[in-house]
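Let's take a walk through a protein model together. Have the picture ready, and turn it around as you read.

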Amino acid sequence: MDDEQLFIKSDKKLIQVDPARIDLLESFGNYVKIWTGSEFILTLRTLTSFEEQLDASQFIRIHKSFIINKSSVEYMEGNTIFLKSKKSLTIGKNYRQSVKVA
């Protein structure tokens, strides 16, 4: 997705989001929270649908509940990823190999 904008439906609005501003996508029941800094947009969509739409060279799924922007990572320690936004996320057992390669 080269410099393309995402249009995210939230409530009755379509919100334009630059994928480069997305730090993290978090599964939240039947919804997905799209984190941009300390704010998030809540949308009725699956994490898998975002995984198929986002650029795989920029985004990686690290857990059944999380997709992160690689540029948001500050460092990794063991099975935990620390983001620049000070959030820490556990790497899911099924995703560890793909995360270590990326």
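Before we start, one term: a residue is called buried if its relative accessible area is under 20%, exposed if that area is over 50%, and partly exposed in between. Keep in mind, too, that this is a predicted model.

With that in hand, look at Phe-82. Its relative accessibility is 22%, so Phe-82 counts as partly exposed. Phe-82 belongs to strand S9, which covers residues 80–83. How do the side chains along S9 point? They alternate: Ile-81 and Leu-83 are buried on one face, while Thr-80 and Phe-82 point to the other face and are not buried. That fits a general pattern, since side chains in a regular strand alternate between the two faces of the sheet.

Now zoom out to the sheet around S9. Three strands make up an open sheet in the order S8-S9-S10, with antiparallel pairing. S8 and S10 are the edge strands, each pairing on one side only. From one strand to the next, the twist averages 25°. What holds strands of a sheet together in general? They pair through backbone hydrogen bonds, either parallel or antiparallel.

Take the S8 side of the sheet. Strand S8 spans residues 73–77 and is joined to S9 by 4 bridges. Tyr-75 has Phe-82 as its bridge partner in S9, and Glu-77 has Thr-80. The two strands form a hairpin with 2 residues between them, and here Gly-78 takes a positive phi near 60°.

On the other side, S9 pairs with S10 (residues 88–90) over 3 bridges, again in the antiparallel sense. One bridge partnership here links Thr-80 to Thr-90 in S10. S10 is also the place of Ser-88, which touches Thr-80, Ile-81 and Phe-82 once residues up to four places away in sequence are left out. Ser-88 counts as partly exposed because its relative accessibility is 45%. For a sense of distance, the C-alpha atoms of Ser-88 and Ile-22 are separated by 16 Å, with the two residues 66 places apart along the chain.

S9 and S10 form a hairpin as well, with 4 residues between them, and Lys-86 sits in the turn. Its phi is positive, about 75°, although Lys-86 is not a glycine. Why mention that? Most residues other than glycine have a negative phi. Asp-11 is another non-glycine residue with a positive phi, near 55°, and it lies in the loop between S1 and strand S2 (13–17). Are these two residues buried or exposed? Asp-11 has a relative accessible area of 69%, so it is exposed. Lys-86, at 66% relative accessibility, counts as exposed too.

Next, the aromatic rings. The structure holds 2 aromatic pairs. In one, the rings of Trp-35 and Phe-40 have centres 4.9 Å apart and planes at 50°, so this pair is tilted. Trp-35 is buried because its relative accessible area is 12%, whereas Phe-40, with 40%, is partly exposed. The other pair brings back two residues we have met: Tyr-75 and Phe-82, bridge partners across S8 and S9. Their ring centres are 4.6 Å apart and their planes lie at 15°, so this pair is stacked. Tyr-75 has a relative accessible area of 38% and is therefore partly exposed.

The rings of the tilted pair have charged company. Over the ring of Phe-40 sits the charged end of Lys-33, 4.6 Å from its centre. Over the ring of Trp-35 sits the charged end of Lys-87, 3.9 Å from its centre.

Finally, let's go inside. Nonpolar side chains tend to be buried together in soluble globular proteins. Here the largest nonpolar core has 13 residues, and Ile-8, Ile-22, Leu-25, Ile-34 and Phe-50 touch the most other members. Strand S1 (6–10), strand S4 (31–36) and helix H1 (47–53) each supply at least two residues of this core. What does Phe-50 contact beyond its neighbours within four places in sequence? The list is Ile-8, Leu-25, Val-32, Ile-34, Thr-43 and Arg-45. There is also a second, separate core of 11 residues, including Ile-60, Ile-62, Ile-81 and Val-99. That brings us back to S9, where Ile-81 is one of the side chains on the buried face.

How values were computed:
Residues numbered from 1 in each chain as written. Predicted model: local features only at pLDDT ≥ 70, side-chain atom pairs only at ≥ 80, totals over all residues. Heavy atoms only, no water. Buried < 20%, exposed > 50% of the residue type's maximum accessible area, 1.4 Å probe, protein only. Pairing = 2+ DSSP bridges. Core = buried A, V, L, I, M, F, W, Y, C linked by side-chain atoms within 4.5 Å. Contact = heavy atoms within 4.5 Å. Phe/Tyr/Trp six-rings, centres within 6.5 Å; stacked < 30°, edge-to-face > 60°. Lys NZ or Arg CZ within 6 Å of the ring centre and 35° of its normal. Axes fitted to C-alpha atoms, helices over the stretch in contact; angles between N-to-C directions.
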